[in-house]
Amino acid sequence: MAAALVAVVAAPSTAQTAEDFAAKVINAPMPGSLQVYGIPKPALTRTKDVDGGKMLKLVIPGADKDPWKIQLQSPTVAPVAKGDRLVLAFHVRATGMPAGTKAKIASAGIQLNKEPYTTILGGPIEVGEAFEFQQVSGRADRDYAAGELMASLQLATGKQTFEFGPMFIINLDKK
């Protein structure tokens with residue numbers, strides 16, 4: 001799994017081992033550790049399509065004017081310093097969509113884990129039928145304590161089904 005991250009996320013940076021790169025993950029990335037907000041958390045499903053062999057299947061009943069009312073979340077477990085390069089990377093696909101359409105995630109980002117829930121990086125993405133490794137990146141605007149930030153995917157954008165594999169918050173500047 002870490003080798004796949006090195007290949008996808010760190011390709012443009014200096015060479016490093018999978019173990020070095022895995023040490024930069026600052027959340028609990030596996031689907032069983034992810035938090036679901038707004039709907040009951042489903043049981044894990046086995047799949048050969050993502051690293052780790054397990055996924056979460058989230059059935060979104062419909063759109064809401066506030067897309068954050070249904071979220072997939074994961075808090076950080078390590079501090080982040082001002083200027084650190086952060087990457088949110090995750091495996092996802094949408095199923096049951098009409099041919100030629102994509103499901104929408106209103107915001108895939110890293111945000112405060114308390115009010116006012118300000119997003120520090122990220123934006124909307126579209127998801128197709130095949131598992132994709134999506135990523136968004138940016139820099140920390142200030143210092144944050146462990147747990148003060150979280151990954152947040154805002155999912156209440158329509159009647160759709162998402163399947164998620166691991167979701168990583170990576171601090172490329174973590175030593």
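Is Phe 90 buried or exposed at 1% relative accessibility? I shall begin there, noting for colleagues new to this structure that the model is predicted. With a relative accessibility of 1%, Phe 90 counts as buried, because the term applies to any value under 20%.

Let me turn to the aromatic residues. Two aromatic pairs are present in the structure. A pair of this kind is described by how far apart the ring centres lie and by the angle between the planes. For Phe 90 and Phe 164, the centres are 6.3 Å apart and the planes stand at 50 degrees, so this pair is tilted. The tilted class covers angles that are neither under 30 degrees nor over 60.

Where do Phe 90 and Phe 164 sit in the chain? Phe 90 belongs to strand 5, which spans residues 85-95, while Phe 164 belongs to strand 10, spanning residues 160-171. The pair thus links distant parts of the chain, 74 residues apart. Phe 164 is also buried, its relative accessible area being 1%. Together with Phe 162, these two residues form one aromatic cluster.

I come now to Gln 134, a residue of strand 8 (residues 132-139). Apart from neighbours within four places in sequence, Gln 134 is in contact with Phe 90. The other residues on that list are Leu 88, Ala 89, Val 92, Ile 125 and Glu 126. Gln 134 has a relative accessible area of 14% and is therefore buried. Its side chain makes a polar contact, at 2.6 Å, with the side chain of Glu 132.

To close, I return to Phe 90: this buried residue pairs with Phe 164 and is in contact with Gln 134.

Terms used
Residues are numbered from 1 along each chain as its sequence is written. This is a predicted model: local features need pLDDT of at least 70, side-chain atom pairs count only at pLDDT 80 or more; totals for chains, interfaces and linings use all residues. Side-chain values use heavy atoms; hydrogens and water are left out. Rings of Phe, Tyr and Trp (its six-membered ring) pair if their centres lie within 6.5 Å; planes under 30 degrees apart count as stacked, over 60 as edge-to-face and the rest as tilted. Helices (H or I, at least four residues) and strands (E, at least two) are DSSP runs, numbered from the N terminus. Buried means under 20% relative accessible area, exposed over 50%, partly exposed in between (1.4 Å probe, protein chains only). A polar contact is a pair of N or O atoms within 3.5 Å; within protein, one must be able to donate a hydrogen and the other to accept it, and residues adjacent in sequence count only if both atoms are side-chain atoms. Contact means heavy atoms within 4.5 Å.
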